[in-house]
Amino acid sequence: MTDFLTLADSGANIFLTGQAGTGKSTLLRQWLEAGGRDADVVAPTGIAALNIGGMTLHRWAGIGLGPQPGESLDEFADHLDESGSRSVREARQRIRQCRALVIDEVSMLPGRLMDFLDLWLRRCRDRIAPFGGIQIIATGDFLQLPPVRRDMQTPHDWAFASESWQRANFQTVRLTKVWRQDEPELLSALNDVRRGRLTPASRATLAACVRMFPPATLTRLCTHNRDVDKVNRAMLDDLPGPERTYTAEFTPPGDDRVREWFTKNSITPLELSLRTGARVMFTVNDAQGRFVNGTTGKVVRMSPFSVDVETDDGVLVGVDQFEWHQSPRDRRGPTMRQLPLRLAYAMTIHKAQGTTLAGAYIDIRAALEPGQAYVALSRVKTLAGLWLKANPNYIAVCTRAVQFQESK
């Protein structure tokens, strides 16, 4: 922790890494709350950005979808220069004023986009220093979720392999103490899954978690949205009593682009259908400490604009609407207001990143992308809470990413 704070305050470029549950987000949040060189915070995806209270990198930099296949980085930068759009003008202002930029979940950032960010920041600030002289703090673990790729045959475009990463001279700070789990057998198995090297002991640990007939209250982690929707709908339909739907509210109202953005990037559903007794999961951290992102419980009372939830720890929480900002630093910008809940019977592995679960039911044989199986398994706190549909014969990893992480 001391190493990170010293380096961060010095202005050095940093790669803050560590396996799941080591407190990367907590440490980063502490630094930011203490002033953090007035850093801007971004993430490659909207889901990750909302989780950390930041912006998407694309929006912060004003680059829209970014350079397209076949388009050179210089050509796209020229296009932005010539566009004169409001989003580009506002982004230039942010870039010129920025001292430090935190890029969370950097494993999901394509290397080509990393290189363009470097070029664009240098151009906007008229400085040849890497990233225009802005301090970059990249956080994440390249053995978790990777950049999106067009097909399974296309190699992953890792940020660590980009030219800009090499020029930035990142100082690595590795967190090693896992706080989410404390059972040696589980920690050892997770470490082996993370590297894709299952030992006989790890195989035995996972085999002991293969169990039939999981409790109905156990969250299913799935690889596809269609499976999540099917499970959640079926479980809700099994409950007696009337159903009430809570609909998100947006500002500005009636703006389809705002609705579309939150639809794509929020783990909180825009249309939340509930019944008394429904299993739900909180989707934010509570300022009063009553719950965190991933806390589960059941609905015990519904009213037109709020619900009461009894958490699995027996705490009764009155839940009112929460407000999410599309751009946290623009308090007058687009927002969404909704109950910070989702049905907890099932969710995708992708949307589970950043959560801590007391238990989950997982079929990791369906996790074909590198890091998916590890992300799913590492959400769960204990072996007792880990239920597997089958013992995997294969864990998907990227050898190149393993070699990079182990060299740091």
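Which residues in α5 meet which residues in α7? From α5 come Leu 73, Asp 74, Phe 76, Ala 77, Asp 78, Leu 80 and Asp 81. They meet Arg 112, Asp 115, Phe 116, Leu 119, Trp 120 and Arg 123 in α7. The contact residues divide into 7 nonpolar, no polar and 6 charged. This is a predicted model.

**Three helix pairs**

Helix α5 spans residues 73-83, and helix α7 spans residues 111-125. Their axes come within 10 Å and cross at roughly 50°. That angle makes α5 oblique to α7. The crossing of α5 past α7 is right-handed.

Helix α1 covers residues 2-10 and helix α2 covers residues 24-33. They pack at an angle of about 45°, and their axes are 11 Å apart. So α1 is oblique to α2. Here α1 passes α2 in a right-handed crossing. On the α1 side, the contact is made by Phe 4, Leu 5, Ala 8 and Asp 9. On the α2 side, it is made by Leu 27, Leu 28 and Trp 31. By class, this contact has 6 nonpolar, no polar and 1 charged residues.

Helix α9 runs over residues 184-195, and helix α10 over residues 200-207. Their packing angle is about 110°, with the axes 9 Å apart. Angles of 65 to 115 degrees count as roughly perpendicular. The two helices, α9 and α10, are therefore roughly perpendicular to each other. The crossing of α9 past α10 is left-handed. Glu 185, Ser 188, Ala 189, Asp 192 and Val 193 make the contact from α9. Ser 202, Thr 205 and Leu 206 make it from α10. The contact of α9 with α10 divides into 3 nonpolar, 3 polar and 2 charged residues.

The table sets out the residue classes for each contact.

| Helix pair | Nonpolar | Polar | Charged |
|---|---|---|---|
| α5 with α7 | 7 residues | no residues | 6 residues |
| α1 with α2 | 6 residues | no residues | 1 residue |
| α9 with α10 | 3 residues | 3 residues | 2 residues |

**The nonpolar cores**

Which members of the largest nonpolar core touch the most other members? Trp 60, Trp 120, Phe 142 and Trp 165 do, out of 41 residues in that core. Trp 120 is also one of the α7 residues in the contact with α5.

Several elements each supply at least two residues of this core. Among the helices are α4 (57-61), α5, α6 (86-97), α7, α8 (163-168) and α15 (399-407). Strands β4 (100-103) and β5 (135-139) do so too. The largest share, 8 residues, comes from α7.

Trp 60 touches many residues beyond four places away in sequence. They are Asp 40, Val 42, Met 55, Ala 91, Arg 94, Ile 95, Cys 98, Leu 101, Leu 117, Leu 121 and Ile 134.

A second core is separate and has 34 residues. It includes Ala 49, Leu 198, Ala 344 and Met 347.

**Phe 322**

Is Phe 322 buried, exposed or partly exposed? Phe 322 is partly exposed, with a relative accessible area of 32%. Partly exposed is the class between under 20% and over 50%, so a value of 32% belongs there. Phe 322 lies in strand β15, which spans residues 322-325.

Val 284 sits 38 residues from Phe 322 along the chain. Their C-alpha atoms are separated by 8.7 Å. Phe 322 touches Val 284, and also Met 336, Arg 337, Gln 338 and Pro 340. That list leaves out residues up to four places away in sequence.

Key
Residues are numbered from 1 along each chain as its sequence is written. This is a predicted model: local features need pLDDT of at least 70, side-chain atom pairs count only at pLDDT 80 or more; totals for chains, interfaces and linings use all residues. Side-chain values use heavy atoms; hydrogens and water are left out. Axes are lines fitted to C-alpha atoms, for helices over the stretch in contact, and angles run from 0 to 180 degrees between N-to-C directions. Helices (H or I, at least four residues) and strands (E, at least two) are DSSP runs, numbered from the N terminus. Angles under 35 degrees count as roughly parallel, over 145 as roughly antiparallel, 65 to 115 as roughly perpendicular and the rest as oblique. A crossing is left-handed if the near helix is turned anticlockwise from the far one by less than a right angle, and right-handed if clockwise. Contact means heavy atoms within 4.5 Å. Ala, Val, Leu, Ile, Met, Phe, Trp, Tyr, Cys and Pro count as nonpolar, Asp, Glu, Lys and Arg as charged, and the others, Gly among them, as polar. A nonpolar core is a set of buried Ala, Val, Leu, Ile, Met, Phe, Trp, Tyr and Cys residues joined through side-chain atoms within 4.5 Å. Buried means under 20% relative accessible area, exposed over 50%, partly exposed in between (1.4 Å probe, protein chains only).
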